[in-house]
Amino acid sequence: MGWTLTRRATASAALAGAIALVSTVLPAAYAGTRTGGARPVATAATAAATPPSTPAPLPPRLPRDFHGKGTWVVRDLGVTVPFTWNGRDGDSQMIAGGPQYPIWFTNLIYHGTLYTLTYKWPGLTEHPCSQIPGFDLDQLNQALQGARFVGREILQQNPNRYVNHWRVGAVLPKLPPGKFLRFPLALGDIYVDQNDRSTFWQVLQFGIQNLYDPELDEWLVMDTFEHKPGTVTLPQSCAPPPA
């Protein structure tokens, strides 16, 4: 599934360069449970090792139209909040939490620009809407083309999800193999349905795109993901001033 100098703005910029869901998926990225004791994030407990001779499946590809619901999990804060993720005609929007929850933010890809607006986060006093122009669904999917296949796994949920696990990340500076100083800026673990690479069930975001979080990691876990147009709304504070 992102996915300026504030946490999610920097996050969005890093996510745009990393997975470029978003994050996250990306730029980075957003119903069900309550705050407080976060439900255990579904982990790949039954990683069916893929024989080296088995060709890797096609990489993840976020569709133009979809809608889904689930939870956004920040485990070190003990927070789990409702999450929605919608796509319509190539635009997409994540919304995590709401005014009654300890965290609340939205990430959008809208008309070729990546937007991030954090309404609430512990310790946050600034609430600007960051805008990163020149980023759209095609660029996101192009970035996902470079994801590395980890393996075929089962996420122990209700029901169990049979998924392909992919990893995408950004490391700077770009240098050849060898003894060089390099820094991992962002990492995403993406779990898509084994029968449909455009159905996203879970995403882990780790790195600078999670700068507000002390442990730099956040999860989105989907309960539903349908291939029907959702609702995408640009917040008024993100819209350009009238001419």
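## The disulfide

C129 and C238 are both buried. In this predicted model, these two cysteines form a disulfide, and their sulfur atoms lie 1.9 Å apart. The disulfide connects distant parts of the chain: C129 belongs to strand β6 (residues 129-133), whereas C238 is in the segment after β11 (217-226), 109 residues away. The link between C129 and C238 is right-handed, with 110 degrees about the S-S bond. A search of the whole structure finds one disulfide.

## The sheet

Eleven strands make up an open sheet with antiparallel pairing, and their order is β6-β5-β4-β3-β2-β1-β11-β10-β9-β8-β7. The edges are occupied by β6 and β7 (148-155); each has a single partner strand, so one side of each is left without a neighbour in the sheet. From one strand to the next, the twist averages 20 degrees.

One pairing may be followed in detail. Strand β9 (residues 183-193) and strand β10 (residues 196-207) run antiparallel and are joined by eight bridges. Within this part of the sheet, L187 stands opposite F206 in β10.

## Salt bridges

Side chains of opposite charge can pair when their charged atoms come close. Three salt bridges are found in a search of the whole structure. One of them joins the side chains of D89 and R64, at 2.9 Å from N to O. This pair links distant parts of the chain, 25 residues apart: D89 is in the loop between β2 (79-88) and β3 (91-97), and R64 is in the loop between α1 (7-18) and β1 (66-74). D89 counts as exposed because its relative accessibility is 55%, while R64, at 42%, counts as partly exposed.

The side chains of R167 and D189 also meet in a salt bridge, with an N to O distance of 3.0 Å. R167 lies in strand β8 and D189 in strand β9, so this pair ties together parts that are 22 residues apart in sequence. R167 has a relative accessible area of 33% and is therefore partly exposed. D189, by contrast, counts as buried, with 3% relative accessibility. A further salt bridge is formed by E226 and K228, whose closest N and O atoms are 4.0 Å apart. E226 is partly exposed, because its relative accessible area is 33%.

## A nonpolar surface patch

L172, L181, F183 and L185 make a nonpolar patch of about 390 Å² on the surface. Among these residues, L172 is located in strand β8 (residues 161-172). L172 counts as partly exposed, because its relative accessibility is 42%.

Technical notes:
Residues are numbered from 1 along each chain as its sequence is written. This is a predicted model: local features need pLDDT of at least 70, side-chain atom pairs count only at pLDDT 80 or more; totals for chains, interfaces and linings use all residues. Side-chain values use heavy atoms; hydrogens and water are left out. A disulfide is a pair of cysteine sulfur atoms within 2.5 Å. Helices (H or I, at least four residues) and strands (E, at least two) are DSSP runs, numbered from the N terminus. Buried means under 20% relative accessible area, exposed over 50%, partly exposed in between (1.4 Å probe, protein chains only). Patches are made of residues with over 30% relative accessible area and no salt bridge: like charges are joined within 9 Å, nonpolar side chains (Val, Leu, Ile, Met, Phe, Trp, Tyr) within 5 Å. Accessible areas come from the Shrake-Rupley method with a 1.4 Å probe; for residues, only the protein chains shown count as cover. Two strands pair if DSSP finds at least two bridges between them. Axes are lines fitted to C-alpha atoms, for helices over the stretch in contact, and angles run from 0 to 180 degrees between N-to-C directions.
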